Amino acid sequence: MDGIGRESEVARLAAAHAAGTRRVTESLDGALTRAEAAQAGFNCFAALDGARARAAAADMDARIAAGQTPGPLTGVPVSVKDILDCAGLPTRWGSLLFAAAQPAASDVAAVSRLRAAGAIIIGKTTTTEFAHSPLGSSPINGLTLNPFAPGLTCGGSSSGAGTSVALGVTPVSLATDAGCSSRLPAAATGTYGFKPTLGLVPHERVPDAFGSFIHLGLIARSVADIAATLPVIAGPSPADPWSLRAPPLAPAAASLEGARVLLWMRAGNARVSREVEAATRAAAYALERLGAEVVEEDYALAAPDPIWSTLQQTNWALRFASTSADDFARLSPALRAGIEAARGFSALDLMRAQVARAQLFRGVQVKFAQYDFILTPCLSAPLVAADFDLSEPLVIDGEAVGPLRAEWTSALSLFDLSGHPALAVPVGLGENGGPLGVQLVGRWNADMALLSAAARLAAEMPPPVCPAAGLSI
């Protein structure tokens, strides 16, 4: 980890457990106590798994006492988004359609790898229904609150992951990101949200393996905690073709001195708020203080949202093609609207979107021939209300600019389509009390170099302190 990991709470906690200076049961009791408090106050868990977690902790303490070292994440409490299978827990997808789901028979690869490294899964975090929404509620779990400002959204779709990590329940949470789903909740909760290079962390159960742009990522309290956890879950899986060429994680660069950073203030969206622009420029100045050269250019590639919407809504339409009318009516209104839109697409529409996605990738690659990193705002405007109506336009500095998805998160969706690694970095609080974040993006497979650069930026711009946390692991 070339120094990034020296500040890792994950690494320190695992080392203390392995050395026997702290009992795993003590750490798990603390995490579960915090989880129960966080659930009561902020509704960030779809399910807690206290009995099994405590049993696993007791077993791990016994193994350590017998001279065994379970792995690099020994006894570290971790949570998992409720669209990923964890053996023994139901996967409900935030949906009433899965209210009676049976416990999963097996783990997805990333969860299996976490367990093998010694991590202990304490529960499943809330998600928007089928991970479709950038806001923080679902039909089955209700509204997850923002720990900085409960009247503002906590972001989606990995809603509970961002909130629970901000509250200090666990140092890291396993999430997903197909359009903004780890970076948006991180930006909304003052945490760090990482989307690795596509395929670096396998997603072996996605239906369309070859056309997938779903990334498994991490939300954490620090860049160092991401750097400590990523090597555990990274690596090929025979069921995910994107993962098969993922190289071993390369050592991280130690300095930003001489690095070239491209600043895109917009990415196909109409405008960015004055407040967000100021925060993004502050991050650019911080990178310059660290020795980087920052060059601002106008974004000249295609707008990501029409491409993303065609591909994603087609996936939704396929998933629910045989759903009964009664069950379809139980889905979230925004999800139903996306499915209905996709039913009007033709095969040519789908093929055009696939070609446009390839063109976006190549356009970003051209920029990475000139630059080491790309800097963007995470969101084009400060956090919207928790009950924002997705049928209403986003308003920026008094001007209605268009649909929330297209105008608010375009810089995030762009890099899901292109597959490049991207990290949300908190950079302060907005006037409405909600966190603000920027996005730093790296070259394909340069994940550790990106984390190294982001760690230096984070040291220059410490994250805001969550007023509701007051918790220590």
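In which sense, left-handed or right-handed, does H9 pass H14? The legends below take up this crossing first and then turn to other parts of the structure, which is a predicted model.

**View 1. Helix H9 (residues 304-319) packed against helix H14 (residues 410-418).** H9 passes H14 in a left-handed crossing. On the H9 side the contact is formed by Pro304, Ile307, Trp308 and Leu311, and on the H14 side by Ser410, Ser413, Leu414 and Leu417. Sorted by class, the residues of this contact comprise 6 nonpolar and 2 polar ones, with no charged residues. The helix axes lie 9 Å apart, and the packing angle is about 60°. With that angle, H9 is oblique to H14, because it falls outside the ranges that count as roughly parallel (under 35 degrees), roughly perpendicular (65 to 115) or roughly antiparallel (over 145).

**View 2. Helix H9 where it meets helix H11 (residues 333-342).** The two axes come within 8 Å of each other and cross at roughly 95°, so that H9 and H11 are roughly perpendicular to each other. H9 contributes Gln313, Thr314, Trp316 and Ala317 to this meeting, while Leu335, Gly338, Ile339, Ala341 and Ala342 come from H11. The contact of H9 with H11 divides by class into 6 nonpolar and 3 polar residues, and no charged residues take part.

**View 3. The pair formed by helices H2 (24-42) and H3 (50-65).** H2 and H3 pack with their axes 8 Å apart and at an angle of about 160°; the two helices are therefore roughly antiparallel to each other. H2 passes H3 in a right-handed crossing. From H2, the residues Val24, Thr25, Leu28, Asp29 and Leu32 meet Gly50, Ala53, Arg54, Ala57, Ala58, Met60, Asp61 and Ile64 of H3. By class, the residues of this contact are 8 nonpolar, 2 polar and 3 charged. H3 also lies across strand E1 and strand E3 (120-125), and its direction is at about 160° to that of E3.

**View 4. The open sheet of 11 strands, with mixed pairing.** The strand order is E1-E3-E2-E6-E8-E7-E14-E15-E11-E9-E10. Its edge strands are E1 (45-48) and E10, each of which pairs on one side only. On average, and with direction ignored, neighbouring strands of this sheet are turned by 25° against each other. Within the order, strand E6 (residues 172-177) and strand E8 (residues 215-220) run antiparallel and are joined by 6 bridges; at one position of this pair, threonine 176 has leucine 216 in E8 as its bridge partner.

**View 5. Strand E9 (residues 260-263) and its parallel partners.** Strand E9 runs parallel to strand E10 (residues 293-296), to which 4 bridges join it. In this pair leucine 262 stands opposite valine 295, and leucine 263 stands opposite glutamate 296. E9 also pairs in the parallel sense with strand E11 (residues 373-377), over 3 bridges, and here valine 261 has phenylalanine 373 in E11 as its bridge partner. Together with helix H8 (residues 274-289), the strands E9 and E10 make a right-handed β-α-β unit.

**View 6. Backbone detail at asparagine 43 and at the peptide bond from glycine 156 to serine 157.** Asparagine 43, which is placed in the loop between helix H2 and strand E1, has a phi near 55°, a positive value in a residue other than glycine. The peptide bond that leads from glycine 156 to serine 157 is cis, with an omega near 10°. Serine 157 itself belongs to the loop between strand E5 (142-143) and helix H5 (159-166).

Notes:
Residues are numbered from 1 along each chain as its sequence is written. This is a predicted model: local features need pLDDT of at least 70, side-chain atom pairs count only at pLDDT 80 or more; totals for chains, interfaces and linings use all residues. Side-chain values use heavy atoms; hydrogens and water are left out. Two strands pair if DSSP finds at least two bridges between them. A crossover is right-handed if, with the strands pointing away from the viewer, the path from the first strand over the helix to the second runs clockwise. Axes are lines fitted to C-alpha atoms, for helices over the stretch in contact, and angles run from 0 to 180 degrees between N-to-C directions. A crossing is left-handed if the near helix is turned anticlockwise from the far one by less than a right angle, and right-handed if clockwise. Contact means heavy atoms within 4.5 Å. Ala, Val, Leu, Ile, Met, Phe, Trp, Tyr, Cys and Pro count as nonpolar, Asp, Glu, Lys and Arg as charged, and the others, Gly among them, as polar.
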